[in-house]
Amino acid sequence: MFRLCWAIALAFTIALLCGILIVTRDLSITNDIFKDGVNQAKTVDKTTNDALSGAKELPPANAAINQGLPEVVGVLNSLTRADQTLGDLGTQLQALGDALKSADAPLGGIIDTGASATDQANAAAVPAGQIVHTLADADAKVQALAPLLDQSLALGQTIDQKLRIALILPVIGN
């Protein structure tokens, strides 16, 4: 029985040692889990602090949004009006394009007529130059003739006066 007691004591000792080893191992795992939990808690704490700091910025941002929203709506209204104006302009430009297309043939005729008139004007330039030269010569002759005509007028008036006097006087002689 003594041996049996020693065997039971030895079995309990081995079981106790195994239990202590298991508990120690579990405590080590639990310690690692606890350390990991502490690290995660620090991360959550930092994230919470960041979130709280960000939450303090929300009221000014909300106020800025509330103040800026009417301006955004005004810009959208302006863009809508600009879009309508551009649409109207596009329609009017299309009508202008159609009018220009329909005016293309008459304008071509006008350009051809203008070119023909230019050719004729260029052809008439030489005779016109000769006419200018002839008129300049005639003007020079008129300038030379004008004093002679004035002199002839003066002589004619003198003769007229003398003839009037002679008509009044009786004829003497022959």
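I began with exposure, for which I take buried to mean under 20% relative accessible area and exposed to mean over 50%, with partly exposed in between. I keep in mind throughout that this is a predicted model.

**Entry 1, cysteines.** By that scale I entered Cys 5 as partly exposed, because its relative accessible area is 47%. Cys 18 goes into the partly exposed class too, with a relative accessibility of 39%. I then looked for disulfides, and the count came to 0.

**Entry 2, the helix.** I next looked up helix α1, which runs over residues 2-168 and so holds 167 residues. How far apart are its end C-alpha atoms? I found them 208 Å apart, which is short of the 249 Å that a straight helix would reach at 1.5 Å a residue. Going along α1 for a bend, I came to a kink of about 40 degrees at Asp 104, and noted that the proline Pro 106 follows shortly after this position.

**Entry 3, the salt bridge.** My search for salt bridges returned a count of 1. Which residue pairs with Lys 46? The partner is Asp 50, and the closest N and O atoms of the two are 3.3 Å apart, which I count as a salt bridge because the cut-off is 4 Å. Both Lys 46 and Asp 50 belong to helix α1, where they are separated by 4 residues, or about one turn of the helix. I remind myself that an α-helix has 3.6 residues a turn, so residues three or four places apart point the same way. As for accessibility, I have Lys 46 as exposed at 53%, whereas Asp 50 is partly exposed at 44%.

**Entry 4, a nonpolar patch.** I looked for nonpolar side chains on the surface and recorded a patch formed by Leu 69, Val 72, Val 73, Val 75, Leu 76 and Leu 79, which together have about 530 Å² of accessible area. I checked Leu 69 by itself: this residue is in helix α1, and I class Leu 69 as partly exposed because its relative accessibility is 47%.

**Entry 5, two glycines.** Is Gly 54 buried or partly exposed? I put Gly 54 down as partly exposed, at 31% relative accessibility, and its place is in helix α1. From Gly 54 to Gln 120 I noted 87 Å, C-alpha to C-alpha, for a separation of 66 residues in sequence. Gly 37 is likewise found in helix α1, and at 32% relative accessibility I list Gly 37 as partly exposed. Between the C-alpha atoms of Gly 37 and Thr 158 I have 146 Å, with their positions 121 residues apart along the chain.

**Entry 6, Leu 155.** Last, I turned to Leu 155, which lies in helix α1. Leu 155 counts as exposed because its relative accessible area is 53%, where the class asks for over 50%. The C-alpha atoms of Leu 155 and Thr 48 are 130 Å apart in space, and the two residues are 107 residues apart in sequence.

Terms used
Residues numbered from 1 in each chain as written. Predicted model: local features only at pLDDT ≥ 70, side-chain atom pairs only at ≥ 80, totals over all residues. Heavy atoms only, no water. Disulfide = S-S within 2.5 Å. Buried < 20%, exposed > 50% of the residue type's maximum accessible area, 1.4 Å probe, protein only. Helix = DSSP H or I, 4+ residues; strand = E, 2+ residues; numbered from the N terminus. Expected span 1.5 Å × (residues − 1). Bend = angle between axes of the 7 residues up to and from the residue. Patch = residues over 30% accessible without salt bridge, like charges linked within 9 Å, V, L, I, M, F, W, Y side chains within 5 Å. Areas by Shrake-Rupley, 256 points an atom, 1.4 Å probe, with all protein chains shown as cover.
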